[in-house]
Amino acid sequence: MADKKIRLLRADEIECRVSTVNKNGVSLLLYKDARVDQRILDETFGIFGWKRSHQCIDGNLYCTVEVFDKETGTWVSKQDTGNAGKSEKDKEKSQASDSFKRACFNWGIGRELYTAPFIWIPAGRTEIQERGGKFFCNDNFSVVTVSYNKEREISGLSIINGKHKVVYVLGADNSVHNVSDTQMALLRKELARTGVTANDVKARYNIENLEDMPDDIYKRVMSALSRTKTEGAA
């Protein structure tokens, strides 16, 4: 079994989950699902070369993933437990799935995800909503490229949002730069020309202060204003 090396995850096998949300942006976590684990186990050991089972120990559900070692004719097992779901209805299913994925981590499947960087998406690159004093983000994020170094650590990563716009690149400057004084002067000139108010802009683009507007939103505002007729024009 020594020649069976677990391959690294492809970009399309890595999923993104929103971890935290505030008015300034969102943080993301990378994860894999059970289908990826099953596929890699099949590829590496064959569909008859592995098996899984579940055991309840001290009230916790454990999963044991066993792989058949042809050299010794024995089954080698690795085990782990999982977290329960938030609702009682999904508790057992969630524990079963999570314990399986964690047992597969023990076999090395997706272990490279532990080397992922802190991923922060600024508010200017996603849509954040506030309801009842809490912030929400319903945007979808996807990994489009990933690369690894010789130590099987993530060395390259790019992520897009639901509109297929790149919002994160590992090693790049992912911050959103605010507009300059010169840009603000041009914006105020356009507002005066069109009759559009500052409150109109803030409501339309969900921003608190024009001075804190990210550069990419500024470009969208100016593009929209350039297509707006001068106030009072026939």
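**Exercise 1. Place Gln-95 in the fold and decide whether it is buried or exposed.**

Solution. Step 1: Gln-95 belongs to helix H2, which covers residues 91-106. The model is a predicted one, and the values below are computed from it.

Step 2: The relative accessible area of Gln-95 is 9%. Buried means under 20%, so Gln-95 counts as buried.

Step 3: Look at the contacts of Gln-95, setting aside neighbours within four places in sequence. The contacts are Asn-60, Leu-61, Gly-82, Asn-83 and Ala-84.

**Exercise 2. State which strands pair with E10, and in which sense.**

Solution. Step 1: Begin with E9 (142-148) and E10 (154-160). These two strands are antiparallel and share six bridges. Within the pairing, Ser-142 is opposite Ile-160 in E10.

Step 2: Go on to strand E11, residues 166-169. E11 runs antiparallel to E10, and three bridges join the two. Here Ser-158 is opposite Val-169 in E11.

Step 3: Check the cover of E10. Six of its seven residues are buried, so the strand is mostly covered.

**Exercise 3. Find the residues with positive phi in the two hairpins that involve E10.**

Solution. Step 1: The hairpin of E9 and E10 has five residues between its strands. Among them is Arg-152, whose phi is positive, near 65 degrees, in a residue other than glycine. At 27% relative accessibility, Arg-152 is partly exposed.

Step 2: The hairpin of E10 and E11 also has five residues between its strands. In its turn, His-164 has a positive phi of about 65 degrees.

**Exercise 4. Describe Asp-58 by its place, its phi and its exposure.**

Solution. Step 1: Asp-58 sits in the loop that links strand E3 (50-57) to strand E4 (60-69).

Step 2: The phi of Asp-58 is positive, about 55 degrees, although Asp-58 is not a glycine.

Step 3: The relative accessible area of Asp-58 is 77%. The cut-off for exposed is over 50%, so Asp-58 counts as exposed.

**Exercise 5. Locate Ala-198, classify its exposure and list its contacts.**

Solution. Step 1: Ala-198 is part of helix H4, residues 198-205.

Step 2: Its relative accessible area is 29%. That value lies between the 20% and 50% cut-offs, so Ala-198 is partly exposed.

Step 3: Apart from neighbours within four places in sequence, Ala-198 is in contact with Leu-191 and Leu-210.

Step 4: For a distance along the chain, take Ala-198 and Trp-120, which are 78 residues apart. Their C-alpha atoms are separated by 28 Å.

**Exercise 6. Decide whether the whole protein is a compact globule or more spread out.**

Solution. Step 1: List the elements. The protein has five helices and 11 strands.

Step 2: Compare the radius of gyration with the globule rule. The radius is 25 Å, well over the 17 Å that the rule gives for 234 residues, so the protein is more spread out than a compact globule.

Step 3: Add the box. Along the principal axes, the C-alpha atoms fill roughly 85 × 40 × 30 Å.

Step 4: Consider burial and surface. Of the 234 residues, 36% count as buried. The protein exposes about 14200 Å², of which carbon and sulfur atoms supply 49%.

Step 5: Consider contacts between residues at least 6 apart in sequence. Of these, 55% join residues at least 24 apart.

Step 6: Finish with charge. There are 36 positive and 33 negative charges, and their mean positions are 3 Å apart.

Conventions. Residues numbered from 1 in each chain as written. Predicted model: local features only at pLDDT ≥ 70, side-chain atom pairs only at ≥ 80, totals over all residues. Heavy atoms only, no water. Helix = DSSP H or I, 4+ residues; strand = E, 2+ residues; numbered from the N terminus. Rg over C-alpha atoms; globule rule 2.2 N^0.38 Å. Buried < 20%, exposed > 50% of the residue type's maximum accessible area, 1.4 Å probe, protein only. Contact = heavy atoms within 4.5 Å. Areas by Shrake-Rupley, 256 points an atom, 1.4 Å probe, with all protein chains shown as cover. Lys, Arg positive; Asp, Glu negative; His and termini not counted. Charge placed at Lys NZ, Arg CZ, Asp CG, Glu CD. Pairing = 2+ DSSP bridges.
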